[in-house]
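User: I would be grateful for a close look at a single part of this structure. Please take the contact between the chains and the helices that contribute to it, and add whatever context assists the reading.

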Amino acid sequence: MGFWTWLNRQGSPPRFFDWTKHWVRWCWYLFFPTLLFGLYLALLVSPADYLQGESARIMHVHVPSAWMSLTVYFIMAVQAVGVLIWRLKVCEALMLAAAPTGAMFTAVTLLTGMLWGRPTWGTYWVWDARLTSELVLFFMYLGIVALAQAYSDRRAGARAAAVLCLVGVVQLPIIRYSVEWWNTLHQGSTIRLLGESSIHASMLWPLLVLTLATKLYFLAVWLSRARWLIVHSERQSAWVLQRLGLAP
Amino acid sequence: MSRELRSVTTAFRREIKLALKRPADIWLSVGFAVLVTMLFGIALGGSPNKLAAAGPAVLFTTLLLASFLAVSRMFAEDLEDGSLDQMLISPSSLTAILYGKVLAFWCLHGLSLVLATPILALLLRLDMDQLPLLLLTCTIVTLGLNLLGLVGAALTVRLRAGAMLLALIVLPLMVPLLVFGLGAVMSASQGESGIAGLALAAAETLLLLALAPAAAALGLRITSE
């Protein structure tokens with residue numbers, strides 16, 4: 001059995017629905033201990049930063065969210081390829097399901113960045129390269145969600161959103177680079193959220209554990225939402241009624 | 001002449017002929033740009049210091065908004081009179097037709113905005129020594145803006161949500177062109193050569209020239225199924 005056949009089989013809606021059931025459950029089981037352990041490390045074990053004090057702990061939420069905000073966009077772009085080339089229903093559901101969570105991570109990144117900026121920079125908002133490109137990314141997520149929802153036919157909406165997502169993934173590095181270039185041109189060196197300086201292990205461990213926690217959270221929410229979208233769009237078909245115990 | 005190239009020129013000539021029947025549309029986008037600049041001038045209180053600091057930023061934001069508004073009507077007529085469906089079922093490549101369409105659109109709307117740039121620069125009291133650089137930058141940037149607008153217009157053509165949705169889709173993607181174009185003019189006003197920003201804007205526009213019509217064709221096919 002070739003790889004593509006295997007992929008196609010796993011990508012059929014009933015199969016996807018069945019095998020993700022356990023994934024969702026295990027992701028939730030693993031997420032809560034990881035989150036609590038990460039927060040324990042971040043809030044109690046790791047020392048306060050000698051320069052920034054307690055506010056540096058915001059980084060333990062900010063940095064994993066920032067990583068996820070970009071990761072989720074690239075995951076969506078991969079799904080968009082599946083939507084446009086193979087027209088897989090599962091890919092459509094996975095792409096649309098990832099967008100709200102991606103927007104949420106972007107919003108968390110922006111909010112924690114602002115909360116951290118207030119004690120550190122003395123202001124909530126600075127047109128720093130990273131914050132600015134994160135704001136643009138937020139609007140790109142909103143655009144994809146809004147475009148997909150504007151279509152009355154959900155499959156057409158998903159395909160239009162896939163085109164936009166792929167255009168966005170080409171533009172995203174350029175946007176990031178352009179904003180950075182703009183800053184070096186006019187503001188001199190900007191304050192970096194994470195300096196080039198090496199980070200001490202006591203700070204690194206909570207960061208890694210919380211990064212794992214965000215990934216688990218994303219997987220759990222993403223797969224549950226995709227499952228819901230699939231069931232919703234296939235609600236007339238026999239396999240859904242059968243699994244919900246409604247089959248005659 | 002190859003078949004694709006003939007589709008490009010045919011679509012190009014059709015657009016130009018149609019637009020020249022009603023030149024008011026072109027004047028409207030120029031008028032809009034002057035109007036926005038006037039509002040900024042009044043809001044900034046006309047003080048030369050403020051204008052000098054904000055002038056280029058106002059100019060490029062105005063260009064961006066004017067081209068965005070023009071683009072939002074790009075396929076509206078084609079949809080109403082059925083020629084959009086003709087494009088979709090025509091045996092010639094849809095991408096080629098869209099190349100002709102967007103180039104014609106740029107020649108009419110983009111270049112008329114470029115021609116209006118000296119007036120805007122005058123109103124904003126920009127340094128007239130930099131006018132050649134400014135015109136060149138605007139020429140490149142408006143083409144890029146129209147190409148991005150083409151993709152957005154193709155994806156939203158059959159939706160009633162219209163302009164607001166188009167803004168949400170297209171404006172974030174226009175950030176690099178805004179920044180590069182503005183960077184060229186700003187660094188020139190600080191006595192450096194604006195070549196870096198100009199080259200970056202040209203690179204972005206070339207990338208869009210290669211990709212945008214194909215993406216728009218894909219979008220049109222998807223939304224018309």
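Analyst: What follows describes the contact between the two chains, then the helix packing behind it, a residue elsewhere in chain B, and finally chain A.

The model is predicted. The contact between the chains is made by 23 residues from chain B and 24 residues from chain A. On the side of chain B that touches chain A, the elements giving two or more residues are α7, α8 (163–170), α9 (175–189) and α10 of chain B. Of these, α10(B) supplies the largest share, with seven residues. By character, the residues on this side of chain B comprise 17 nonpolar, four polar and two charged.

Two of the helices named above also pack against each other within chain B. Helix α7 of chain B spans residues 131–156, helix α10 of chain B spans residues 195–223, and their axes lie 8 Å apart at an angle of about 20 degrees. Because angles under 35 degrees count as roughly parallel, α7(B) and α10(B) are roughly parallel to each other. The crossing in which α7(B) passes α10(B) is left-handed. The residues of this contact between α7(B) and α10(B) consist of 20 nonpolar, five polar and one charged.

A single residue of chain B may be considered next. B:V58 is located in helix α3 of chain B, which covers residues 48–71. B:V58 counts as buried because it has 22 C-beta neighbours inside 10 Å, the cut-off being 20 or more. Leaving aside residues up to four places away in sequence, B:V58 touches B:T37, B:F40 and B:L124. Between B:V58 and B:G149, which are 91 residues apart along the chain, the C-alpha atoms are separated by 20 Å.

The partner, chain A, has eight helices and zero strands, and its pattern along the sequence is α-α-α-α-α-α-α-α. Chain A contains 248 residues, of which 39% count as buried. When contacts in chain A between residues at least 6 apart in sequence are considered, 76% of them join residues at least 24 apart.

A remark on confidence completes the account. Chain A has a mean pLDDT of 85, with 90% of its residues at 70 or more. Residues 188–197 of chain A, however, have pLDDT under 50 throughout, and the model gives this stretch seven contacts beyond four places in sequence. Where pLDDT is low, predicted coordinates should not be read in detail.

Note on methods. Residues numbered from 1 in each chain as written. Chains lettered and ligands numbered in written order. Predicted model: local features only at pLDDT ≥ 70, side-chain atom pairs only at ≥ 80, totals over all residues. Axes fitted to C-alpha atoms, helices over the stretch in contact; angles between N-to-C directions. Helix = DSSP H or I, 4+ residues; strand = E, 2+ residues; numbered from the N terminus. Parallel < 35°, antiparallel > 145°, perpendicular 65-115°, else oblique. Left-handed = near helix turned anticlockwise from the far one by under 90°. Nonpolar A, V, L, I, M, F, W, Y, C, P; charged D, E, K, R; others polar. pLDDT = per-residue confidence, 0-100. Buried ≥ 20, exposed ≤ 12 C-beta atoms within 10 Å, placed from the backbone.
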